[in-house]
Amino acid sequence: MHVTWYLCLGGSTIYTCKRMPRKLLVPHKSVFSHSRAPRGLNAYSAMNAARSGYRVFSANSTSACTELAKKITERLGAELGKAVVYQETNGETRVEIKESVRGQDVFIIQTIPRDVNTAVMELLIMAYALKTSCAKNIIGVIPYFPYSKQSKMRKRGSIVCKLLASMLAKAGLTHIITMDLHQKEIQGFFSFPVDNLRASPFLLQYIQEEVPDYRNAIIVAKSPDAAKRAQSYAERLRLGLAVIHGEAQCAEVDMADGRQSPPTLKNATLHPGLELPLMIAKEKPPISVVGDVGGRIAIIVDDIIDDVESFVAAADTLKERGAYKILVMATHGILSAEAPRLIEESSIDEVVVTNTVPHEVQKLQCPKIKTVDVSLILSEAIRRIHNGESMAYLFRNIAVDD
């Protein structure tokens with residue numbers, strides 16, 4: 001058999017045989033020499049190590065909103081990524097990434113202040129800047145997801161939460177970590193994974209450790225819609241449950257959903273078989289409390305506390321029924337407008353919220369507001385996602401209603 005050897009300039013050898021019509025490319029033995037292998041392998045390992053890292057950035061231009069990001073990075077033992085986020089004189093948002101993120105997992109922490117639209121644009125622009133900088137994965141850490149209340153059709157409006165989910169995906173986000181979505185069905189709006197963490201373990205721990213004689217407490221739902229969440233708290237604390245029914249304000253489920261359109265036409269004739277039965281209009285019953293709250297600590301639980309009028313009205317009702325102390329607990333303390341003043345002047349003794357939303361200014365105006373830190377679970381979620389570990393530990397003993 002005739003064999004011909006050719007040594008190419010690139011360090012490869014082409015082996016040809018007259019009996020074999022095709023050519024096989026075989027590396028030359030010099031590639032595996034002892035003098036060259038370690039250097040190449042070390043360079044390859046160093047490249048992989050650089051690509052397997054992660055960075056944490058804060059996508060907020062206000063210093064008050066970076067406190068949560070600093071707490072998370074301290075728990076992770078990492079430094080906050082170098083980036084500049086600011087507003088130009090014409091109101092446009094500008095983001096500048098000051099370090100390389102190529103091939104890395106990047107986590108963007110964005111807390112939502114009162115200026116929601118500016119915060120959304122900061123998040124979108126930073127995600128797009130990281131995407132164009134060749135980041136491997138871009139994970140948004142958004143403890144309070146904005147526009148979550150606009151997740152249902154109202155009259156001739158739109159489902160804005162679905163629009164925001166599409167915008168985040170288009171900007172380059174590949175994963176989201178959030179906490180206590182207003183409606184858990186919002187997770188279906190996204191085309192990428194969403195981890196909806198729960199703040200209830202931290203709030204339950206606060207009740208057990210900071211509320212004296214909590215065994216004499218009763219969990220209260222300020223409306224029938226919040227009964228499931230209140231029932232979950234009551235069962236975990238082995239406490240009683242009360243529900244306030246007949247509130248004065250219009251509940252979310254009572255709002256028009258657009259099924260009145262198109263409007264009826266004048267002088268329109270309908271087939272007799274198409275006549276629908278007339279629905280009886282709803283009428284709110286007098287306010288009543290289902291459950292005995294006399295001589296007990298009433299703990300009202302909810303996911304968001306923003307406009308506090310309904311909470312103040314519920315507290316007055318509970319006070320009339322004999323509750324001697326009233327607490328309000330919620331995950332997201334937005335507390336907009338005149339909320340601090342109304343709380344200070346109301347029958348509410350204490351408002352407990354987490355630090356998913358910055359509220360330092362509100363705490364200065366109202367000493368009744370207390371804060372529970374949830375940076376522990378957020379930092380652990382970041383660590384597990386980066387290392388490819390299961391998230392099941394963060395959801396142990398968590399039910400859908402929590």
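Start by selecting arginine 238, the residue that follows helix H6 in this predicted model. Its phi is positive, near 60°.

Now step back into H6 itself, residues 227–237. Which of its residues are buried? Show the side chains of Arg229, Ala230, Ser232, Tyr233, Ala234 and Leu237, and you have them.

Next, bring up what lies over those buried positions. The cover includes one helix, H5 (200–210), together with three strands: S11 (217–221), S12 (240–245) and S14 (297–305). Colouring each of these elements separately will help you follow how H6 is covered.

From here, move to another pair of helices. Select H3, residues 116–132, and H4, residues 160–171. Their axes are 8 Å apart and make an angle of about 25°. Angles under 35 degrees count as roughly parallel, so that is the description for H3 and H4.

Keep both helices on screen and turn to the side chains where they meet. On the H3 side, pick Val120, Leu123, Leu124, Ala127, Tyr128 and Lys131. Facing them in H4 are Leu164, Met167, Leu168, Lys170 and Ala171. Sorted by class, this contact has 9 nonpolar and 2 charged residues, with no polar ones.

Finally, zoom out and select the whole protein chain. You should find 10 helices and 17 strands. Of the 402 residues, 43% are buried. Turn on a surface and about 22400 Å² is exposed, with carbon and sulfur atoms supplying 55% of it. How much of the contact network links residues 24 or more positions apart? Among contacts with a separation of 6 or more, such residues account for 65%.

How values were computed
Residues numbered from 1 in each chain as written. Predicted model: local features only at pLDDT ≥ 70, side-chain atom pairs only at ≥ 80, totals over all residues. Heavy atoms only, no water. Axes fitted to C-alpha atoms, helices over the stretch in contact; angles between N-to-C directions. Helix = DSSP H or I, 4+ residues; strand = E, 2+ residues; numbered from the N terminus. Parallel < 35°, antiparallel > 145°, perpendicular 65-115°, else oblique. Contact = heavy atoms within 4.5 Å. Nonpolar A, V, L, I, M, F, W, Y, C, P; charged D, E, K, R; others polar. Buried < 20%, exposed > 50% of the residue type's maximum accessible area, 1.4 Å probe, protein only. Areas by Shrake-Rupley, 256 points an atom, 1.4 Å probe, with all protein chains shown as cover.
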